[in-house]
Amino acid sequence: MAGLGKTYVIAFAGLKPGQHEFEFEADNKFFAFFNDPEISRGSIQVNVSLFRQATMMVLNFRLKGIFDITCDRCATGAQMALAGEHQLVVKLSEPDGSEDDEVIALPLTESEIDLAPFILEYIKLSLPARKVPCEVSGDLSLCDQEVIEKLNLLKSTASEGSDDRMSRLKNIKWS
Ligand SMILES: [Zn+2]
């Protein structure tokens, strides 16, 4: 994979049968390469425990780290913790149609596997569904109320569709 080189590649052909441990880090360079809208910066430690068998490999991913987010409501930046576990089964055979999200097939001619896209996918699966860092619990919110009021005003002005929309927008003072 150009850009990331062999950083996230495991050359499994030379691995003896049994358990093997690998450590990776998904860092800012990793996220910049994928340029994914859901996550752009972070530092996620990825431990991969690989169990090698003759015709199959089982990879257990453990993810732990922090990532930068922007509040959905008030656009305040913050860092959040992320943790997750995912399993990938790699059959060393031609695909036979029984593959899915958790089971893939690699032809026996392959000697290595690039885990970068899997790591990105597992990080995204571990992201909190609703990204509101300001929200402490329940209705208690630490959101920037000033920004929210401005956004609400923009929304209501836009939905009215009145002719003085632009003049109202001009009156909003953005700090
Ligand atoms: Zn907020």
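A residue counts as buried if 20 or more other C-beta atoms lie within 10 Å of its own, as exposed if 12 or fewer do, and as partly exposed in between, with C-beta atoms placed from the backbone. The model is predicted, so local features need pLDDT of at least 70 and side-chain atom pairs count only at pLDDT 80 or more, while totals for chains, interfaces and linings use all residues. Residue numbers start from 1 along each chain as its sequence is written.

**Exercise 1. Get an overview of the chain.**

Step 1: Start with burial. Of the 175 residues in the chain, 17% are buried.

Step 2: List the elements. Helices (H or I, at least four residues) and strands (E, at least two) are DSSP runs, numbered from the N terminus. There are four helices and nine strands here, and along the sequence they read β-β-α-β-β-β-β-β-α-β-β-α-α.

Step 3: Look at contacts, meaning pairs of residues whose C-beta atoms, placed from the backbone, lie within 7 Å. Among contacts with a separation of 6 or more, 59% join residues 24 or more positions apart.

**Exercise 2. Trace the pairing around β3.**

Step 1: Recall that two strands pair if DSSP finds at least two bridges between them.

Step 2: Take one neighbour. Strand β2 (residues 18-26) runs antiparallel to β3 (residues 42-52), with nine bridges. Alanine 26 has isoleucine 44 of β3 as its bridge partner.

Step 3: Now take β4 (residues 56-70). Its pairing with β3 is also antiparallel, over 11 bridges, and glutamine 45 stands opposite lysine 64 in β4. With three residues between them, β3 and β4 make a hairpin.

**Exercise 3. Decide whether alanine 32 is buried or exposed.**

Step 1: Locate alanine 32 in helix α1, which spans residues 28-34.

Step 2: Count its neighbours. Alanine 32 is exposed because 12 other C-beta atoms lie within 10 Å.

Step 3: Check a distance. Glycine 3 is 29 residues away along the chain, and its C-alpha atom is 9.8 Å from that of alanine 32.

**Exercise 4. Map the largest nonpolar core.**

Step 1: Define it as a set of buried Ala, Val, Leu, Ile, Met, Phe, Trp, Tyr and Cys residues joined through C-beta atoms within 7 Å.

Step 2: Find its hubs. The core has 26 residues, and Ile119 and Ile123 touch the most other members.

Step 3: Assign the contributors. Two or more residues each come from α1, β3, β4, β5 (77-91) and α2 (116-126), with β4 giving the largest share, six residues.

Step 4: Follow one hub. Leaving aside residues up to four places away in sequence, isoleucine 123 touches Ala26, Ile39, Ile44, Leu63 and Leu82.

Technical notes: Contact = placed C-beta atoms within 7 Å.
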